[in-house]
Amino acid sequence: METLLNRYRNLSVLLLLVVGQLLLLAWQVRAGEDARLLRVWAVTAVTPLARAIEWARGGTGGFFSEYVLLRDVRRENAALKEEVGQLRLANRFLKTELEMAERARALALFRDRTPSKVLAARVIGTSAGLNSRVVFVDRGSTDGIRKGMAVLVPEGIVGKVVQAYPTASQVMLATSQGFAAGVISQKHRVRGTLKGLGSSLCPVEYIENEDKVEAGEWFFTSGDDRIFPRGLPVGTVKTVREGRGAKEVTLDPSGLRGGIDEVLIVVEGVHGLVPDPPRPSSNEVQILPPPPDDIPQEENLSPASRALPTEADRLRERYRRVGDSQGHNFGANPGRPPDFNRPVPASPKPAAPRPQEPPPPEVQP
Amino acid sequence: MTGYDDRLLLRTPSKTRIARYPAAVWIIVPLVAILFQVYVPRFVVALSYLELPLLATIYFSLMSRRPVTGSVSGAVIGLLQDSLSHQPVGLFGISKTLVGYFSASVSQRFDVENNLLRFLLSFFLFLFHQILFWVLSRSLLGAALDLQIPQTVIYSFLNAAVAIPFFQILDRLRSDTR
């Protein structure tokens with residue numbers, strides 16, 4: 001046996017390594033587990049290096065490029081070199097500062113505006129794979145990040161956390177293969193499932209051919225996936241055509257159009273509303289506001305009828321009020337029917353709160 | 001056998017030199033290659049086609065000329081790469097183990113210090129790695145991964161082109177030989 005192993009040593013080692021890794025793969029797939037220890041070691045080993053490089057790049061990159069630029073200017077024009085260099089340096093510095101401030105302001109604005117509780121994070125690296133669509137961010141489980149949390153930017157959704165390590169988290173981008181999110185169209189409220197395929201555009205599946213979707217229309221998160229809160233922008237429709245069995249819709253994800261540096265991780269999601277599409281405005285054609293419904297407006301309804309869920313219930317309530325105002329009891333006296341053309345009396349409004357009586361003047365002794 | 005064949009095929013034992021490297025090189029080079037792949041494509045998207053960990057695997061396997069060393073180094077680099085990706089650990093590991101094994105096996109027969117041979121080997125081994133990865137992903141994980149042949153061939157060519165200077169830089173780290 002030993003001789004046999006020695007004779008086929010190379011092949012034995014190869015088989016051992018391949019079979020070992022196959023077993024590891026099989027265990028992960030079958031048990032739904034992950035070789036977490038291995039990942040934690042690797043991420044913990046790489047994250048500090050990535051952070052250090054990022055820090056060095058941020059601190060010295062700008063200075064270095066400006067220095068090189070300054071040297072070139074000196075060569076071209078010795079007399080103006082210092083002034084031009086200083087001005088360019090200051091200009092670039094201010095521009096960068098402005099861009100950073102704008103980005104930070106947009107993020108802060110969005111953070112204040114969104115009802116969800118979010119945590120800002122910085123992208124520190126991509127995943128180790130060809131055409132990788134997974135990134136690492138500098139927030140981990142110690143910051144409260146958990147697997148499955150939604151990641152977004154003010155422009156739209158970015159992806160979701162697929163692994164949370166102590167010092168960093170791994171975020172699967174919306175364009176990544178295996179990504180899925182429930183979406184709803186803004187104009188026609190058509191629901192579908194956004195899927196990542198590994199390319200820059202994402203298909204939206206499960207839309208019937210009969211459903212109406214237009215090119216350029218916005219899609220928002222529907223909240224059905226229980227990951228992304230409802231009402232976050234997802235992207236615009238790039239192409240739409242009828243397919244076999246279902247409509248073929250591709251989306252251009254708005255959150256990934258530019259590079260992503262800073263992102264927001266939704267720690268506690270609160271569902272919002274999908275905004276109505278903007279109305280077409282024109283100076284030449286006057287468009288009236290939509291006509292009022294015959295149905296009583298919400299504010300005119302009594303608290304009881306406000307709870308009426310259907311049109312039939314509201315109609316019944318209206319007839320009851322007409323009957324009450326004319327002393328007619330439906331079903332009791334088969335006499336003359338009430339006059340339904342008379343105006344419907346307004347529902348009794350709750351009594352206005354009495355103004356608070358001023359406190360009695362203090363009597364001075 | 002022609003003179004050109006003589007340049008490519010190893011016929012004398014004197015040419016079967018086993019390159020040796022300081023221990024630090026075995027650790028630092030794969031780490032730097034993986035860090036490069038994790039970090040650089042963020043800023044230079046055009047460089048995301050580079051598979052430096054695979055090139056490092058090919059180089060160390062070719063130069064060690066030992067299938068066992070090639071397989072083990074491929075497995076270690078692949079597993080490290082796997083652990084930084086979002087897929088189950090083992091896919092890159094198996095692919096690079098086989099690449100390491102085949103590279104080292106080839107190096108026992110050919111003069112792997114020849115740049116043309118290095119280019120061809122890198123080209124075909126990259127192609128083999130990509131196809132193997134695709135096959136494993138589909139068969140073992142059932143992933144609907146898309147294999148774009150023209151793009152993969154172009155990437156193979158580009159990686160092979162980068163492999164030549166990359167291998168020459170690594171050659172300088174040798175503490176050599178026999």
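Buried, in what follows, means under 20% relative accessible area, exposed means over 50%, and partly exposed is anything in between. By that yardstick, Tyr8(A) is partly exposed, because its relative accessible area is 40%. Keep in mind that this whole thing is a predicted model.

**How far to trust it**

The predictor gives the complex an ipTM of 0.83 and a pTM of 0.55. For chain B, pLDDT averages 84, and 89% of the residues score at least 70. Where pLDDT is low, the predicted coordinates should not be read in detail.

**A greasy strip on chain A**

Back to Tyr8(A): you'll find it in the loop between helix H1 (2-7) and helix H2 (9-31) of chain A. Tyr8(A) belongs to a nonpolar patch on the surface, along with Leu11(A), Leu15(A), Val19(A) and Leu23(A). Together, these residues have about 470 Å² of accessible area.

**Chain B from end to end**

What is chain B built from, helices or strands? It has seven helices and zero strands, so reading along the sequence gives the pattern α-α-α-α-α-α-α, where each α is a helix. Of its 178 residues, 53% count as buried. Take the contacts in chain B between residues at least 6 apart in sequence: 75% of them join residues at least 24 apart. As for the outside, chain B exposes about 7600 Å², and carbon and sulfur atoms supply 68% of that.

Helix H2 of chain B is a good one to look at. It runs over residues 23-39, which makes 17 residues. From first C-alpha to last, H2(B) reaches 24 Å, close to the 24 Å expected at 1.5 Å a residue. Which of its residues are buried? They are Val25(B), Val29(B), Pro30(B), Ala33(B), Ile34(B), Leu35(B), Gln37(B), Val38(B) and Tyr39(B).

**Salt bridges**

How many salt bridges does the structure hold over all chains? There are 13, and the table shows some of them.

| Nitrogen side | Oxygen side | N to O distance |
|---|---|---|
| Arg257(A) | Asp252(A) | 3.3 Å |
| Arg320(A) | Asp324(A) | 2.7 Å |
| Lys96(B) | Glu51(B) | 3.6 Å |

Start with Arg257(A) and Asp252(A), whose side chains meet at 3.3 Å. Is Asp252(A) buried or exposed? It counts as buried, because its relative accessible area of 18% falls under the 20% cut-off. Its partner Arg257(A), at 45%, is partly exposed.

Next come Arg320(A) and Asp324(A), which both lie in helix H6 (residues 311-325) of chain A. They sit four residues apart, about one turn of the helix. An α-helix has 3.6 residues a turn, so residues three or four places apart point the same way. Arg320(A) counts as partly exposed at 39% relative accessibility, and Asp324(A) is partly exposed too, at 48%.

Over in chain B, the side chains of Lys96(B) and Glu51(B) meet in a salt bridge of 3.6 Å. Where do the two partners lie? Lys96(B) is in helix H5 (residues 91-107), while Glu51(B) is in the loop between H2 and helix H3 (52-64). They are 45 residues apart, and the pair links distant parts of the chain. Lys96(B) and Glu51(B) are both buried.

Chain B has a network of these links as well: salt bridges that share partners join Glu113(B), Arg118(B), Asp171(B) and Arg174(B).

Terms used: Residues are numbered from 1 along each chain as its sequence is written. Chains are lettered from A and ligands numbered from 1 in the order in which they are written. This is a predicted model: local features need pLDDT of at least 70, side-chain atom pairs count only at pLDDT 80 or more; totals for chains, interfaces and linings use all residues. Side-chain values use heavy atoms; hydrogens and water are left out. Helices (H or I, at least four residues) and strands (E, at least two) are DSSP runs, numbered from the N terminus. The expected span of a helix is 1.5 Å times one less than its number of residues. Buried means under 20% relative accessible area, exposed over 50%, partly exposed in between (1.4 Å probe, protein chains only). pLDDT is the predictor's confidence in each residue, from 0 to 100. Patches are made of residues with over 30% relative accessible area and no salt bridge: like charges are joined within 9 Å, nonpolar side chains (Val, Leu, Ile, Met, Phe, Trp, Tyr) within 5 Å. Accessible areas come from the Shrake-Rupley method with a 1.4 Å probe; for residues, only the protein chains shown count as cover. A salt bridge is a side-chain nitrogen of Lys or Arg within 4 Å of a carboxyl oxygen of Asp or Glu. Contact means heavy atoms within 4.5 Å.
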